[in-house]
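Reader: I am in my first year and would like a close look at a single part of this protein. Please take one aromatic contact, go through it slowly, and then set it beside other features.

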Amino acid sequence: MTIAPDNADGTLRSLAINGPGAHLLELNGNDHNRIFYVIEFAQLILSGVKLSGGNGTDDGNPNVLASGGAIRVLPGGPFGTYNLTLINSIVSGNNALFNGGSGGGLAVFGSALIVNSAILNNTAASFAGGISVSGEIRMFNSTVSGNSAPSVAGGIVVSSGRLHMTNSTVAMNTGGIVLTESQFSLYNFFLKNSIVSNNGGDVGGRIRSRGNNIIGNAAGVFFQESSPSDLVGVDPAIDLSLSTFGGVIPTHALSAGSPAVDSGDNCVLTTVASGGCSDVAITHDIRGIVRPQDGDSNGTATVDRGSFEVTAAEVAAAPGVPDLDAADDSGTSSTDNITSIPQLSLQIGNLTTGATVELLRNGIVVTTAVAAGSTIAFEDTVSTAGTYTYGARQIVGGVRSLQGGPLTVVFDNIAPAVTVNQAAGQADPTRLQPMNYAVVFSEPVVGFAVSDVSLAGSSANVSSAVVQITGTGPAYALSVNNVLSDGSVVASVAAAAVEDLAGNVSVVSTSTDNSITLDTIAPTATINQAAAQTDPTRILPVNFTAVFSEPVVGFIGTDVSLAGSTVNVTNASRTITGSGATYNVAIAYVSSNVGTILASLRAGVVQDAAGNMSLASTSTDNIVTLDNVGPTVTINQAMGQPDPTNILPVNYTVVFTEPVTGFDLFDINFNNSTLNTSGATVSVTGSGTTYNVAISNLPPAVGGVLRANVRVGAGFDAAGNPSSASTSIDNGVFLDTVAPSVTVNQAAGQQDPTSSQPITFTAVFSEAVSGFGLSDVALTGSTADVSSAIISVTGTTTFFTISVSGVTSNGTIVVTIPAGAAQDGRGNTSLASTSTDNTVTLSVRARAFDFDGDRKTDIGIFRPSVGEWWINRSSNAATFALQFGAATDLTVPADFTGDGKTDIAFWRPSTGDWFILRSEDFSFFSFPFGTNGDIPAPADYDNDGKADPAVFRPSDGTWYIQRSSDNGTTIQQFGANGDVPVVGDYDGDGRADLAIYRPADGTWWLNRSTAGLIVAGFGTATDKPVQGDYTGDGKADVAFWRPSTGEWFILRSEDSSFYSVPFGTSGDIPAPGDYDGDGKFDTTVFR
């Protein structure tokens, strides 16, 4: 049920239920939901009802804690009003187990007034099984019991609110009251006339006491405000079972002898407004019994503490305190209620005949019987050792009395254990007697005597030892004196030596350290050189090892004597390290450079653990020689070492002033050398004072000085002193081991490729050499025919020019110089040459119409009428003739086979067949390529040294070239009808370029294979194109012959300038060629 405001303006809506009594009206949530939800600005007033079966599920909302199993109370409302008022009611058996809920009974975020009510047996998932307080609660005359939660407290948790509790009882919860002490709840727990006990932990947090409270468990209790009337750590002797005790609301009754009876403060009987101390006048207890009662019958009625008020009649009706039969009270006393007998006989008096009597053990009824008279006997058996509280109640006419008692019985069937150990402060080992032990029993015992002590196991002579014992209860002091020899003294206690108060006899003693060593022998000492101490030595401190015959204490530097030392030890320091029996003695700050240090120990300088003073030391070697002067060293050229030299190794002699060790190759450096020493190999031979140092594996060096030095610390004398840096008279050797290197490359200005000879190269040596001549030049690797080559060498010292002529074929000329061709001034012979470009290509193009391969154009004619060729060879002036072709054939002589000679050839227009007569053997071959109307234009288009068959087709301006390099065909459009093919190598790349002369406008169109297209106007329609290399630069020049005037016009390929020369007359036929073999075309006509 939700209690909400009447309207939006916050006017309170109140619900009041005035029930007939909590035993008559029960509101049960059937574990489905909470019973009441009081939202903001609402009020709920309950009286005389019981709330049970509530479940704070919050309708299954997983984001809201399920707080408040029976009632959830939110804040809001005028000052002085309560959102919840609970009077004469019970909140029992509710839970807040959903989603980590708290406040299994009540969750109060607003304000609540609780009077004469009980919060019982509620549970929560997280904390506060009974009540969660985040607002304010004022509780009077109420009981909180049997509530549980897994953490914090099962009773009440004040997390951010305030709790006022007066004359209330909080008991038997899983944790009583806890304040989490937020900034809101700090110091906000007010307690008056109340009991908090038997909860495990009773109170956790700060209490502002208003006096007269009983808190059973003192752990965790902290009073922000306290009162001397408070009892903390005192059992309130309540009845641990819940009952109504004649009323309606269950509670815990007080026992007849409870300290809560008549010990409260009567100011609670009236309100503050009437001069009292309570907001609600507490005039009755939770049962309805009028307060106060004179429960202790002392003539003064005083309010009891807690929610229960004891009457004098109830005290009188209570059974007497149970009494343990003497026969069952074993041990040293039959009246101390300490026994080892598990079957207990208990007598209870002050009974009403016919009453039902209940015997309670630790608050739980263990047996009942009907009293036949004023007394009754009960039997109870216990099995576990511990303390048991017995009480009794009687029921007369259906009314249960208060408990009589309590009686505390200790059941102890455990034999007392005992430990024997060295007494606190007992020295071990010791040289003094008596020796003291502590004997501790697990509980108080009686009968412990000297005869119970055993010294068995001692190695010392204890035959006349005197043992004394003092002490009582569980703890005793044991002393042993008059031990006659050194050794261990072991003390123990035999089994059954004593018995505890319940009559259990003790077991044999156990110990962690019950042995004390008696030691009266003085320790001896030796002092010698430390194991790692070098002797002689140059290094301070000097270390000695002092070894005592047993562990000692008190060893300091002044205990060491240096008497007998030959060095100055006036200001010497003595540093002691170590512990036990072994120590290091370090001697430093000795002012002499050479001498001995002698160390010894005087008698009585230290003591052992027993306090025995040491004897004077003995030694086998307690002297160390100090030497801190280092050796000097010289290094010079070895006897017989040439200087200068080009021979490795270079040898030096090293001489120390005294024998040394550790001198090796790593101690040599080459500081101040003027040559490269990286990678040098050092070899050291010799011993003692004299050594030979050999230096080899040096990088080649030209004119450098090798200086060898010995570093500081290269050698160590017997004392470990490092040598100084070397001095020298002559430690430098002039070294030249570098063979002269030489490079061979094309000479500056040498054309490559070239068609002319000689071909020049430059040889450059790295230093001046002698002995270099033409016989030292190799042409190995050349592809040209150099078998008849002529070599000349000019130059001196480092720079030489090499000329090569007489090469008889095209190809590469490679010049190298083998190793050993020359030598420098030290006799180092030169290395083989290296090069970046020592190759020149000789490329003498076949001369036009050079039929004999002498690189000169030969005079020749073709006689169409008979198909005869007449050739006048320039090489020998001989003329030969042969028939090859017909009148209609077109001559196409060229070097088709690549042998450097022009082959006789013709193209037959009628069939497009080519006929080629090989110059090598005058055999011929033929093949078709072209058609009638084409113009043949053979040339070397692919730079393979062979002329390629080619035709120009004027009809569509297309060129067809059959490449000799791969037998493929190139087809390219270039030119138009009426153009004249003028093929030539215009860019000098070795490839013939497509080119035409257009008579119509006198323009030349050159499609250069490397340099690209160029167009030049040069000539007229009647001029005859005569292209060729007239300037000898390896490129064809644009040229024409003008028949009308007999003049030649030549456009230079080098700079596009031109020149003209008259040669011939009208009617002549121009026939240019290189007739003199100078690499240039000659102007020529046939008349």
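Author: Tyrosine 1030 is buried, since its relative accessible area of 5% falls under the 20% cut-off. This is a predicted model, and the values given here are computed from it. The ring of tyrosine 1030 pairs with the ring of phenylalanine 1081, and the two centres are 5.6 Å apart. Their planes meet at 75°, which is over 60 degrees, so the pair counts as edge-to-face. Where do the two partners sit? Tyrosine 1030 is in the loop between β86 (1024–1025) and β87 (1038–1042), while phenylalanine 1081 is in the loop between β90 (1069–1070) and β91 (1085–1086). The pair therefore ties together parts that are 51 residues apart in sequence. Phenylalanine 1081 has a relative accessibility of 22% and so counts as partly exposed, whereas tyrosine 1030 is buried.

The segment 872–1086 is one of the pieces of domain 4, which also takes in 547–569 and 593–626. The domain assignment also gives, among others, domain 1 (2–254), domain 3 (417–518) and domain 5 (633–735). Between the C-alpha centres of domain 1 and domain 3 there are 58 Å.

Other rings can be set beside this pair. The count of aromatic pairs comes to 28. Phenylalanine 656 and phenylalanine 663 form an edge-to-face pair, because their planes stand at 70°, with 5.3 Å between the ring centres. Phenylalanine 656 is buried at 3% relative accessible area, and phenylalanine 663 is buried at 8%. Elsewhere, ring pairs join Phe896, Trp907, Trp914, Phe925 and Phe927 into a cluster. A ring can also have a charged side chain over its face: arginine 34 lies over tyrosine 37, at 5.3 Å from the ring centre.

A loop residue outside these pairs is valine 866, which is found between β71 (859–863) and β72 (868–872). With a relative accessible area of 42%, valine 866 is partly exposed. Its C-alpha atom is 21 Å from that of phenylalanine 849, and the two residues are 17 apart along the chain.

Last comes a pocket. The second largest pocket has a volume of about 290 Å³. Its lining is made up of 13 residues, and Phe79, Gly80, Thr81, Ser111 and Glu136 lie nearest its centre. By class, that lining holds eight polar, three nonpolar and two charged residues.

Conventions: Residues numbered from 1 in each chain as written. Predicted model: local features only at pLDDT ≥ 70, side-chain atom pairs only at ≥ 80, totals over all residues. Heavy atoms only, no water. 1 Å grid on protein atoms, 1.4 Å probe; cavity = no way out; pocket = protein on both sides within 12 Å on 5 of 7 lines; lining within 4 Å. Points joined across faces, edges and corners; volume = space filled by probe spheres on them. Nonpolar A, V, L, I, M, F, W, Y, C, P; charged D, E, K, R; others polar. Phe/Tyr/Trp six-rings, centres within 6.5 Å; stacked < 30°, edge-to-face > 60°. Buried < 20%, exposed > 50% of the residue type's maximum accessible area, 1.4 Å probe, protein only. Helix = DSSP H or I, 4+ residues; strand = E, 2+ residues; numbered from the N terminus. Lys NZ or Arg CZ within 6 Å of the ring centre and 35° of its normal. Domains from an automatic or database assignment.
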